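Biologist: I would like to learn how to read a structure feature by feature. Could you take me through one?

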Amino acid sequence: MAVLALLLIAACGNSPPAGDPVNAEDVMFVQMMVQHHRQGIEIAGVADGRATTPEVRTLAAAIASTQQDEVEMMLRWLHEWDQPLTAAKGAHDHHGGMPETDRKQIAALRKSKSFERDFLNLLIAHQDDAVQMATAEETGGVSPKVKTWAGQVESSRRGQVKLMLDLLKR
């Protein structure tokens, strides 16, 4: 009996630390950003073969690569948290109501006669949505790693928007 009591006491002291705290805002942000990133990758992919300036080709390739890596990271988080990979239908509406980039806009981009201008304008709006979503996560989320990443998203996407605005001025 004494040995059993010692084992129980020892086991209590060696319990694994709890994971990062996670709330519904963290989960919703990650679920929404997976879909948002997939659209960003699709938009960036349209530039492959259509973009003519090196800056736009490089930007599109960097966005596609970075966002693919980030999608994989976010999917790992959702698995770690034992959460669905996508938000329930309509759940988007209750967390800022941020609309997805319109499928018709992406289809129109594929046929655009002013491709780089239209590409930059669509991607500016898309990346600005990411900034807004990241800002909401920084305010309402609790997971330190997700909030830190949201701050990185906010900063990098603001930088991309500035770069694209500068490219439009040329």
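The dialogue below goes from the overall fold to helix packing, the cores and single residues.

Biologist: What should I know before I start?

Modeller: This is a predicted model: local features need pLDDT of at least 70, side-chain atom pairs count only at pLDDT 80 or more, and totals for chains, interfaces and linings use all residues. Residues are numbered from 1 along each chain as its sequence is written, and side-chain values use heavy atoms, with hydrogens and water left out.

Biologist: How many helices and strands are there in the protein chain?

Modeller: Elements are DSSP runs numbered from the N terminus: helices are H or I with at least four residues, strands are E with at least two. Here the protein chain has 6 helices and 0 strands. From the N terminus the order reads α-α-α-α-α-α.

Biologist: What share of the residues counts as buried?

Modeller: Buried means under 20% relative accessible area, exposed over 50%, and partly exposed in between, with a 1.4 Å probe and protein chains only. Of the 170 residues, 38% are buried. The accessible surface of the chain is about 9,800 Å², and 58% of it belongs to carbon and sulfur atoms. Areas come from the Shrake-Rupley method with a 1.4 Å probe; for residues, only the protein chains shown count as cover.

Biologist: What share of the contacts joins residues 24 or more positions apart?

Modeller: A contact is heavy atoms within 4.5 Å. Among contacts in the chain with a separation of 6 or more, 82% are between residues 24 or more positions apart.

Biologist: Now helix packing. At what angle do H2 and H3 pack?

Modeller: Axes are lines fitted to C-alpha atoms, for helices over the stretch in contact; angles run from 0 to 180 degrees between N-to-C directions. H2 and H3 pack at about 155°, with axes 9 Å apart. Angles under 35 degrees count as roughly parallel, over 145 as roughly antiparallel, 65 to 115 as roughly perpendicular, and the rest as oblique. H2 and H3 are therefore roughly antiparallel. Residues that meet include Val30, Val34 and His37 in H2, with Gln67, Val71 and Met74 among those in H3.

Biologist: Is the crossing of H2 and H3 left-handed or right-handed?

Modeller: A crossing is left-handed if the near helix is turned anticlockwise from the far one by less than a right angle, and right-handed if clockwise. The H2 and H3 crossing is left-handed.

Biologist: Which way do H3 and H6 run relative to each other?

Modeller: Their axes come within 13 Å and cross at roughly 165°. H3 and H6 are therefore roughly antiparallel. The crossing of H3 and H6 is left-handed. On the H3 side, Gln67 and Met74 are among the residues that meet H6, where the partners include Trp149, Arg157 and Gln160.

Biologist: Which elements give two or more residues to the largest nonpolar core?

Modeller: A nonpolar core is a set of buried Ala, Val, Leu, Ile, Met, Phe, Trp, Tyr and Cys residues joined through side-chain atoms within 4.5 Å. The largest one has 22 residues; Phe29, Val30, Met33, Met74, Trp77, Trp81 and Trp149 have the most contacts inside it. The contributors of two or more residues are H2 (24-47), H3 (54-80), H5 (115-140) and H6 (144-169). H2 gives the most, with 8 residues. A second, separate core of 20 residues includes Ile106, Phe119, Leu122 and Met164.

Biologist: Take one core residue. What does methionine 74 touch?

Modeller: Methionine 74 is in H3 and is buried, at 0% relative accessibility. Beyond its neighbours within four places in sequence, it contacts Val30, Met33, Val34, His37 and Trp149. Its C-alpha lies 7.9 Å from that of glutamine 31, 43 residues apart along the chain.

Biologist: And polar residues: is glutamine 67 buried or exposed?

Modeller: Glutamine 67 sits in H3 and is buried, with 2% relative accessible area. Leaving out residues up to four places away in sequence, it touches His37, Gly40, Ile41, Gln127 and Arg157. Glutamine 160, in H6, is buried at 17%. With that sequence cut-off, glutamine 160 touches Leu59, Ile63 and Gln127.

Biologist: Last, backbone angles. What is phi of aspartate 82?

Modeller: It is near 60°, a positive value in a residue other than glycine. Aspartate 82 lies in the loop between H3 and H4 (103-111). It is exposed, with a relative accessible area of 70%.
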